[in-house]
Amino acid sequence: MKKVIVIGGGFGGLAEAIRLQARGYAVTILEKRDQVGGRAYQLKKNGYTFDMGPSLITAPDIIESVFLAAGKKSADYIEVEKLDPFYRIYFHDGAYMDYTGDSEKMKAEMAKFSTADANNYDAFMKAVKPIYDAVITEGLGSTMFADWSGFMKFVPRALKLGGLTPVYKFASKYFSHEYNRFAFSFHPLFIGGSPFRAPSIYIMIPYLEKNGGVWYAKGGMYSLVKAFLQVFTELGGIVRTNSDVTNIQVTNGRATGVFIGSEFHSADAVVCNSDVPFTYLNLIDEKNRKKWTDKRVKRLHMTMSCYLLYIGTNKQFPELKHHTLILSERYKELVKDIFDRKVLPEDFSIYLHVPTRSDSTMAPPGCESMYLLVPVPHLGADVDWKKMGPVFLEKILNFLEKDFGMKGLRDSIEVLEQFTPLDFESELSSYMGSAFAIEPRLSQSALFRPHNRDQDIERLYFVGAGTHPGGGVPGVLLSAEATEKCVVEDLGSAV
Ligand SMILES: Cc1cc2nc3c(=O)[nH]c(=O)nc-3n(C[C@H](O)[C@H](O)[C@H](O)COP(=O)(O)OP(=O)(O)OC[C@H]3O[C@@H](n4cnc5c(N)ncnc54)[C@H](O)[C@@H]3O)c2cc1C
């Protein structure tokens, strides 16, 4: 059987491994950490369970397609529950919006700020649907843009649909109140993109959420990681954890295997789920790379990073929804500070995930498991996180307890862990400590994003957030499909 090595067991690596193993190739995942999951790692401490990264399950059809590729059904592996509202958004003045996929309820929420905006909701969704259709239904997201001819066919259509306009600008054509504009433009931030720069291809996310719902998996997102892992091993795939790949062997322009230190593993194809810039800069000798030279790799714009807190409290805060956004007064300027000026701003916006709202198994009885995400600049900023971590922590806890009104928060804390941009760099080998890999901006999308099939080295592929179509669990799972097509095209039969 032809052997495929997948470097990294994030969602991208797991989905790719399932797809290729199901086709009969002999697939081995080599994962540097002691567990698979990557950004979707799990932390368990003192009876509390935390998803460390992704928390919102969207696009269930895309998830199902991975199970289907293996001849399985997700319902046999995970139990999911639809959330309504999807999230509550608190604005700086205390006003809030319960963001939902139900059109009438959503319009009522929007009308709190502008009835004209509420009246435009249907028109907005109608304009976004063809973008969703192009990317998801017609499969642009799950097929690699190999050359200019394919890309140029897409451009006139994308232009006509407004898909190249920045997301915030697109939303502003339909909505005039800043709160409504925020609600329909912030989604690129979920995958590390600036709403003021990311092309409106990403504005399909509200449609994707409305169409497919926002879900929670019992036991957290890690249940999906475990389900994928189980499917892969049931198919006969091999997983080796604590296996940090240190080099990709290239012989006569072809990837022939990988090294873990001095230990060599041969392969007919190597698929990298490891971070793309990290892989080019550290695992592949530059003499084998004409397109992706060190200089070019270093010019890539990486997404912002995140400051994450995992908090277990011995009391509950029922005022919090399962997903809550708490916003600073500033939107555009805050994004600019983080993305462009690369400074750690005085103010912050917070995403708060409280799975115990839907799932009591995530904490001891009567307790709360929550995680907080604050977007911060990546390591290109002049911030010493060893010093700033504790300072930032104090600031956030003060804000939540005193300004936001989570009374007794500090006194109730039983577990407190943080994950800073330095951890993204060291734990996940993420270039510049970026949280979401290569930034989704026009000049780094589709044909301009690192390709699923390497452009210089034969039998070398990429899967995950850094390649086409991009980050977020649905994007990463689509990338597995795009990469699968390339591998199968090149390797042919499995024996
Ligand atoms: C805080 C946070 C919240 C998020 N929330 C959501 C959400 O709610 N919904 C959503 O859809 N998306 C969300 N995302 C995005 C989503 O989590 C990611 O896009 C996705 O999980 C990335 O998967 P991946 O397979 O590309 O990479 P990763 O998950 O990073 O996996 C890469 C793997 O490769 C391993 N690796 C790296 N180098 C080596 C090496 N040399 N040898 C062996 N192994 C190696 C790493 O250890 C890692 O396990 C979130 C991301 C973050 C950071």
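**Exercise 1.** In this predicted model, find the bridge partner of Val4 in strand E2.

*Solution.* Start by locating the two strands: E1 covers residues 3-7 and E2 covers residues 26-30. Now look across from Val4 into E2, and you will meet Val27 as its bridge partner. Then widen the view to the whole pair: E1 and E2 run in the parallel sense and share five bridges.

**Exercise 2.** Work out which strand besides E2 pairs with E1, and which residue there stands opposite Ile5.

*Solution.* Follow the chain to strand E13, residues 269-272. E13 is parallel to E1, and four bridges join them. Next, pick out Ile5: the residue facing it in E13 is Val270.

**Exercise 3.** Name the unit that E1 and E2 make with helix H1, and give its handedness.

*Solution.* Trace the path from E1 through H1, residues 11-22, and on to E2. Together these three elements make a β-α-β unit, and this unit is right-handed.

**Exercise 4.** Explain why E1 is largely enclosed by the rest of the structure.

*Solution.* Count the buried residues in the strand: four of the five are buried, so E1 is largely enclosed by the rest of the structure.

**Exercise 5.** Decide whether Ala158 is buried or exposed, and list its contacts beyond four places in sequence.

*Solution.* First find Ala158 in helix H6, residues 148-161. Its relative accessible area is 3%; the cut-off for buried is under 20%, so Ala158 is buried. Finally, set aside the neighbours within four places in sequence: Ala158 then touches Gly163 and Leu164.

Technical notes. Residues numbered from 1 in each chain as written. Predicted model: local features only at pLDDT ≥ 70, side-chain atom pairs only at ≥ 80, totals over all residues. Heavy atoms only, no water. Buried < 20%, exposed > 50% of the residue type's maximum accessible area, 1.4 Å probe, protein only. Pairing = 2+ DSSP bridges. Right-handed = clockwise from strand over helix to strand, strands pointing away. Contact = heavy atoms within 4.5 Å.
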